[in-house]
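Work through the exercises below with the sequence and the coordinates at hand, and try each task before reading the solution that follows it.

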Amino acid sequence: MTSNTELLRQLKIDKSAREASGDGGGSGGRAVWIGVAVLVVLLALGGGAWFFLAHRPVEVRTATAVAPSASTEAGAVLQATGYVTARRQATVSAQITGTLTEVLIEEGDRVKKGQVLARLEDNALRASLDSARASAAAAHASVLQTEAQLTQARRDAERQEALVGRGLVSKQLAEQARTQVDTYRAQLNTARRQADAADAQVGVGQVNLDYTVVRAPFDGVITDKAAQVGEIVSPLSAGGGFTRTGVGTIVDMDSLEIDVDVNEAYIGRVQADMPAEAVLDAYPDWRIPAHVIAIVPAADRGKATVKVRVALEQKDARIVPDMGVRVSFLERRVPSQANAPKGVLIPAAAVVRREDRDVVYTVAEGKAARRPVKTANQATGDMRLVTEGLAAGDTVIVSPPSDLADGAAVRTATTTP
């Protein structure tokens, strides 16, 4: 019995030990939960950072793919930029001051030489012309009257001479008749001069009236409409902004050419009548044959350039004044574009190797797109000829980062021309 009691006493758990054990278990649980919470926070922060970095646009440099031309084979000795200009351009205005009653032009209208562009108020000038015509008519009537008087005086003088020869009248009467003839002859000359003066006044009035009609000085296209009905136009500026000095601007599109600023250090490479090729910024795929007209014998000290005039050998409605253009001066003339290389030219740094093949990254709507391409073996300076995979006008990334992913967001830093 005693032994059984001792055994039961040994199996009894001490209260102090139980409390100590309970306290220790609670502290350990809290530590575990704190650790889990910290881990969750760190994972959330890491995920947010990864999401931000993964979706942040990558800053890249871009270039535009351009179509090659036969000038590559012809040997372009120099390239320069300039603008399309018109050698024949005029701001048309009236030759007198007046108020516009009609403006018959709009921008883009094609006009012929002598075509009416505008009309001025002409009531006063028309009345003045009518007055001059009336005066001229009166002067011519006076001439007719004097001619009739002179004819009668000559007949009277002839009769007096006949009577003097027969001794019927005195010589004095015959002399008076001859004097009358001379008087009427002088009066007739005066009347004729007055009629001529009156006709001249009619001419002046007609010219002034014609000045109220503004006409096109040559065939061309209206590029600017500068005045409206009701405004005052004048060949001289009156100041204050209330008087127009022109009705519109007309350009002869057949006189378009290119003005190019060539660095004076390279002007020795350019010669008169040298073949060239022009590419408009607006149409990078269009190669226009051209040639040098002249080298203007004057330099711009501020820009250290010399102006060169270049003629366009093809006329087209797409060519308009002030367009930007790039001119390649060639060693020899290119007969046609049939010999131009096929494909597009891009900077060599835009072509990279990915998975053992040549690729380029294009940019469209702020996203990078990887494209496999085929390149030609020939080199064109720092440019590469891509024969397949790209089209002229595509925007490519120059020196794309090695970790750039297909479809990644990109932001253009600098555009390479």
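The exercises that follow concern a predicted model, and they take up a helix, a sheet, a strand residue and two loop residues in turn.

**Exercise 1.** Determine how the span of helix H4 relates to the expected value, and establish which of its residues are buried and what covers them.

Solution. Begin with the extent of the helix: H4 runs over residues 123-165, which gives 43 residues. From its first C-alpha to its last it reaches 64 Å, close to the 63 Å expected at 1.5 Å a residue. Next, take the residues under 20% relative accessible area; in H4 these are Leu129, Ala132, Ala136, Ala139, Val143, Thr146, Leu150, Ala153 and Ala157. Then look for what covers these buried residues, and helix H5 (171-210) is included in that cover. Finally, follow the chain past H4 to Gly167, whose phi is positive, near 75°.

**Exercise 2.** Work out the strand order of the five-stranded open sheet, and describe how E4 and E9 pair within it.

Solution. Reading across the open sheet gives the order E7-E6-E4-E9-E10, with mixed pairing. The edges are formed by strand E7 (213-215) and strand E10 (243-244), each of which pairs on one side only. Strand E4 (residues 98-103) pairs with strand E9 (residues 232-233) in the antiparallel sense, over two bridges. To place the register, note that Gly98 has Val233 of E9 as its bridge partner.

**Exercise 3.** Decide whether Thr249 is buried or exposed, and identify its contacts beyond its sequence neighbours.

Solution. Locate the residue first: Thr249 belongs to strand E11 (residues 248-251). Thr249 counts as buried because its relative accessibility is 10%, and the cut-off for buried is under 20%. Now set aside the neighbours within four places in sequence; the contacts of Thr249 are then Gln89, Ala90, Thr91, Val221, Ile222, Thr223 and Asp224.

**Exercise 4.** For Asp273 and Asp356, find the sign of phi, the location in the chain and the exposure.

Solution. Take Asp273 first: although it is not a glycine, its phi is positive, at about 65°. Asp273 sits in the loop that lies between strand E12 (256-263) and strand E13 (275-280), and it is classed as exposed because its relative accessible area is 52%, where exposed requires over 50%. Turn then to Asp356, a residue other than glycine whose phi has a positive value near 60°. The loop that holds Asp356 lies between strand E18 (352-353) and strand E19 (358-364), and with a relative accessible area of 73% Asp356 is exposed.

Methods. Residues numbered from 1 in each chain as written. Predicted model: local features only at pLDDT ≥ 70, side-chain atom pairs only at ≥ 80, totals over all residues. Heavy atoms only, no water. Helix = DSSP H or I, 4+ residues; strand = E, 2+ residues; numbered from the N terminus. Expected span 1.5 Å × (residues − 1). Buried < 20%, exposed > 50% of the residue type's maximum accessible area, 1.4 Å probe, protein only. Contact = heavy atoms within 4.5 Å. Pairing = 2+ DSSP bridges.
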